[in-house]
Amino acid sequence: RDISRAIVGQIAAMDFSPLNIQGLTLLGHNLKMTVTGKPSAIWLKSWGTMAKTFKNPERINTFRMNNADLYKKAIEAGKMTGESEFVSGVSTVGRWLGKVPIVGKPIKSFYKQTWGRMGAVYSDVLEEAGIKMFEQLEPIWLKEGHNIFELASVTNRMMGTVSATARGISATRQAAEQIAAFAPSYLRASMLLMRDLVSRGASAREVQASLIALLTAGASAYYVIEKMRGQEPKMQPWAKRLGGDGADAYTFLIGDTRVGIGTWMYGMIKTLADVAAIAVDDPDSLIVWNQQHPVVRFLKSKSGAIVGLSTELAAGRNFYGQKFDSATDYLIRIAESFVPIAGQSLITQEPKGGLVQVGAELVGLRTHPATPEGVLSKRNEAGQNVFGESIKRTEPFWSPTSRITPEQTTMVANELNRLEMDIGFVGNDI
């Protein structure tokens, strides 16, 4: 359990992603409040809170003392505060490093000022935003005669957390969940929000209104911005092999990188869209549980760090089903388990992730390299082939004629496979 939490902390703590992951439902709440005539900017102001906390990690203690009565009321009602499960393993790693002979003390100090500081930012901004959300809703909630304990519960899951102990889950099962799932509390909160979408009651109405506001505003903004940029919006989240936009759905093309919002909502929407598209196109394949089954892919994406690493090493294939061809591939996969998410594209991806990709992942956005044909079209306009090499040609810029090596063919084929695309190859020309 400690090892699993340590790995999660290593890859999740070193970024500024909480407001675009666990905190995204808060943005929906703010939009809903604004539409109903009670403007709210907790999500937006929390970005400033994050910067202040990074500068002074002790800031949260001042906030707690200044709001002691509010904290007492919220905690008694069941509001969760404290360390986020995404960074709970950071302190464990710090203790381990401190035990290293001779150099343990300076290494631990360095780790505390990097992963430790970022971990504090991650947890504290979510705690403060959650408390402010509770404070904002409390008078409305009580005026309408609702239960304050229910308010604490719904604000917890809207901030991406649930108390396993309060739900009667034993310590043994909690430990097993920590190993089996990457972030079990966040996953449970996400599933409960899905339940709220089809339920009744005050909590369900709050969740429904917030998510509808978020998804409506997000889809509308995406469509308008893409049209203004002269791009065709990609709004079909099912797989490309089924006629959809696949991973390109709801992303912006920035340079050679596609950037969009992730979180459990995108994953769930894509999974449901894939299932629906397969049910229409090839329903029999829904009973075949393999790497391409959308439910299998969804569950794999939520598996624990230790589970994911061990199963991939044992199978000799990565998450996308690509085979490990050498010892280097195995070492890179192991290293990936200790590198922050924003830096993983620098060691696992060809070509390496650039500033756009790393920067977007630092704030919790999902990214992937643009599809080969998109890169080819854009680069040809600038007189380059798909690999960024200068070319001289007499044919039109869109003519797909560029000699490539077998190694380059393999690289593109692997990327096409990851993106579930099939554009065809003839010899070593593309």
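Across the whole structure, a search finds 10 aromatic pairs. One of them joins phenylalanine 63 and tyrosine 71, whose rings meet edge-to-face, with 6.0 Å from centre to centre and 75 degrees between the planes. Phenylalanine 63 is buried, because its relative accessible area is 12%. Tyrosine 71 likewise counts as buried, at 7% relative accessibility. The structure described here is a predicted model.

Another pair, that of phenylalanine 86 and tyrosine 122, is stacked: the centres are 5.9 Å apart and the planes are 20 degrees from each other. Phenylalanine 86 belongs to the loop between α5 (68–77) and α6, whereas tyrosine 122 belongs to helix α7, so the pair ties together parts that are 36 residues apart in sequence. Both phenylalanine 86 and tyrosine 122 are buried. These two residues also belong to a cluster, in which ring pairs link Phe86 and Tyr122 with Phe182 and Tyr186.

Aromatic rings also meet charged side chains in this model. Arginine 117 lies over the face of phenylalanine 54, and its distance from the ring centre is 5.9 Å. In a second case, arginine 366 lies over the face of tyrosine 266, at 3.5 Å from the ring centre.

Arginine 366 leads to the strands, for it is one of the residues of strand β3, which covers residues 366–369. Along β3, Arg366 and His368 point one way, Thr367 and Pro369 point the other way, and all of these residues are buried. The partner of β3 is strand β2 (residues 257–260); the two pair in the antiparallel sense over four bridges. Within this pairing, histidine 368 in β3 has arginine 258 opposite it.

Strand β2 is in turn joined to strand β1 (residues 251–254) by four bridges, and these two strands run antiparallel. Here leucine 253 is the residue that stands opposite arginine 258 in β2. Arginine 258 thus faces leucine 253 in one pairing and histidine 368 in the other. The hairpin of β1 and β2 has two residues between the strands, and in it glycine 255 takes a positive phi near 65 degrees. Both faces of β2 are covered, with Thr257 and Val259 buried on one side and Arg258 and Gly260 buried on the other.

The next topic is the salt bridges, of which a search of the whole structure finds 16. Among them is the bridge between glutamate 76 and lysine 72, whose closest N and O atoms are 2.8 Å apart. Glutamate 76 and lysine 72 are separated by about one helical turn, because they are four residues apart in helix α5. Both glutamate 76 and lysine 72 are exposed.

A salt bridge with a similar place in its helix joins aspartate 274 to lysine 270: both lie in helix α12 (residues 263–281), four residues apart, which is about one turn of the helix. In this bridge between aspartate 274 and lysine 270, the closest N and O atoms are 3.5 Å apart. Aspartate 274 and lysine 270 are both buried, whereas glutamate 76 and lysine 72 are exposed.

The side chains of glutamate 232 and lysine 227 also meet in a salt bridge, with a distance of 3.4 Å from N to O. Glutamate 232 counts as exposed, because its relative accessibility is 56%. Lysine 227 is partly exposed, because its relative accessible area is 39%. Elsewhere, salt bridges link Arg59, Glu128 and Lys132 in a network.

The surface also has a nonpolar part. Val100, Ile102, Val103 and Ile107 make a nonpolar surface patch of about 360 Å². One of these residues, valine 103, has its place in the loop between α6 (90–98) and α7 (104–143). Valine 103 counts as partly exposed, because its relative accessibility is 37%.

How values were computed
Residues numbered from 1 in each chain as written. Predicted model: local features only at pLDDT ≥ 70, side-chain atom pairs only at ≥ 80, totals over all residues. Heavy atoms only, no water. Patch = residues over 30% accessible without salt bridge, like charges linked within 9 Å, V, L, I, M, F, W, Y side chains within 5 Å. Areas by Shrake-Rupley, 256 points an atom, 1.4 Å probe, with all protein chains shown as cover. Salt bridge = Lys/Arg side-chain N within 4 Å of Asp/Glu carboxyl O. Buried < 20%, exposed > 50% of the residue type's maximum accessible area, 1.4 Å probe, protein only. Pairing = 2+ DSSP bridges. Phe/Tyr/Trp six-rings, centres within 6.5 Å; stacked < 30°, edge-to-face > 60°. Lys NZ or Arg CZ within 6 Å of the ring centre and 35° of its normal.
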